[in-house]
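This report looks at enclosed space, the nonpolar core and side-chain pairings in one protein chain. Please keep the sequence and the coordinates at hand while reading.

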Amino acid sequence: LERLYAYWRSQEDYAQNPSYFINDYADYIEQCKVLNYDLNDTAIKTPREFRQMHSNISVAYKAHKSELLNKAIKRVYNTLHSVLEWSDGNLSVVMPKTQDAIIREGKNQSHCVGTYCERVAKGSCVILFIRKNTAKRKAYYTMEIRPDMAKFSMVQCRGLRNADTTEDVKVFLKK
């Protein structure tokens, strides 16, 4: 504790806010552990410019987490897309391959599907995009289903700003 206290005192950015330092330092140490950084190395454990090092590690941690999520989402995609992707000629079901695609869908649709990436990666839900065949790149509806493929179970299907399904989408979902 004495060393930690002395280290905090050496960080001028945190001089007035010891609680901010403790929170940031705990976060930093946890991120270092996940990234397998050597915490026996004093340059890692107690960097001279802690705020800058914490910022750098946070960027590396987010990139690492993103890479893991993308790999997991890709595994789910590889397992299920051949069963779930289909078209009736007017509308198509498309399964996203990456977290970026899911996040972009949420932004384009102004709804919360972008927050589902970890659920998709864990296999606790499956996200599907419904597209008009005349505009396959444009978001139309987003669907969440349960991962139990023995029985199709839709959790929700939402359009722009959580709009309910239109008649054409209802007919498509029945198919």
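## Cavities

In this predicted model, the count of cavities of 30 Å³ or more comes to two, and the largest cavity has a volume of about 90 Å³. Its lining is made up of H111, C112, V113, Y116, I127, T142, M143, E144, Q156, R158 and N162. Two elements, strand 4 and strand 5 (154-158), give two or more residues to the lining of the largest cavity, and strand 4 gives the most, with three residues.

## The largest pocket

Turning from cavities to open space, the largest pocket has a volume of about 310 Å³. A set of 13 residues lines this pocket, and R104, F129, R131, K136 and R137 are the ones that lie nearest its centre.

Which elements each supply at least two residues of the lining of the largest pocket? They are helix 5 (99-109) and strand 3, and of the elements that contribute, helix 5 gives the most to this lining, with four residues.

## The nonpolar core

The largest nonpolar core holds 17 residues, and within this core the residues with the most contacts are L84, M95, V126, L128, I130 and V169. Helix 4, strand 2, strand 3 (126-132), strand 4 (141-145) and helix 7 are the elements that give two or more residues to the core, while helix 4 gives the most, with four residues.

One of the residues with the most contacts inside this core, I130, can be examined through its neighbours. Leaving aside residues up to four places away in sequence, I130 touches L91, S92, Y140, Y141, M143, C157, V169, F172 and L173. Among these neighbours of I130, M143 also takes part in lining the largest cavity, and V169 is itself listed with the residues that have the most contacts inside the core.

## Salt bridges across the chain

How many salt bridges does the structure hold? There are six salt bridges, and three of them are described here, beginning with the pair formed by D13 and R51, whose closest N and O atoms are 3.1 Å apart. This pair links distant parts of the chain, with D13 in the loop between helix 1 (2-10) and helix 2 (18-34) and R51 in helix 4 (residues 50-84), 38 residues apart. R51 counts as partly exposed because its relative accessibility is 40%.

A second salt bridge joins E118 and K65, with the closest N and O atoms 3.0 Å apart. Because E118 lies in helix 6 (residues 117-122) and K65 in helix 4, the pair ties together parts that are 53 residues apart in sequence. Both partners fall in the intermediate class of accessibility: E118 counts as partly exposed at 35% relative accessibility, and K65 counts as partly exposed at 36%. A third salt bridge is formed by K175 and D88, the closest N and O atoms being 2.9 Å apart. Here K175 lies in the segment after helix 7 (167-174) and D88 in the loop between strand 1 (86-87) and strand 2 (91-94), so that distant parts of the chain, 87 residues apart, are linked. K175 counts as exposed, at 57% relative accessibility, whereas D88 counts as partly exposed, at 25%.

## A buried serine in helix 4

Is S58 buried or exposed? S58, which has its place in helix 4, counts as buried because its relative accessibility is 14%, and buried means under 20%. The side chains of S58 and Q31 are joined by a polar contact of 3.2 Å. When residues up to four places away in sequence are not counted, S58 touches D27 and Q31.

## An exposed loop residue

E12 is found in the loop between helix 1 and helix 2, the loop that also contains D13. With a relative accessible area of 73%, E12 is exposed. The C-alpha atoms of E12 and E49 are separated by 9.4 Å, although the two residues are 37 residues apart along the chain.

Terms used. Residues are numbered from 1 along each chain as its sequence is written. This is a predicted model: local features need pLDDT of at least 70, side-chain atom pairs count only at pLDDT 80 or more; totals for chains, interfaces and linings use all residues. Side-chain values use heavy atoms; hydrogens and water are left out. A salt bridge is a side-chain nitrogen of Lys or Arg within 4 Å of a carboxyl oxygen of Asp or Glu. Buried means under 20% relative accessible area, exposed over 50%, partly exposed in between (1.4 Å probe, protein chains only). A polar contact is a pair of N or O atoms within 3.5 Å; within protein, one must be able to donate a hydrogen and the other to accept it, and residues adjacent in sequence count only if both atoms are side-chain atoms. Contact means heavy atoms within 4.5 Å. A nonpolar core is a set of buried Ala, Val, Leu, Ile, Met, Phe, Trp, Tyr and Cys residues joined through side-chain atoms within 4.5 Å. On a 1 Å grid over the protein atoms alone, a cavity is a set of points where a 1.4 Å probe fits but cannot get out, and a pocket is an open set with protein on both sides within 12 Å along at least five of seven lines; lining residues have an atom within 4 Å of a point. Grid points are joined across faces, edges and corners, and a volume is the space filled by probe spheres set on the points.
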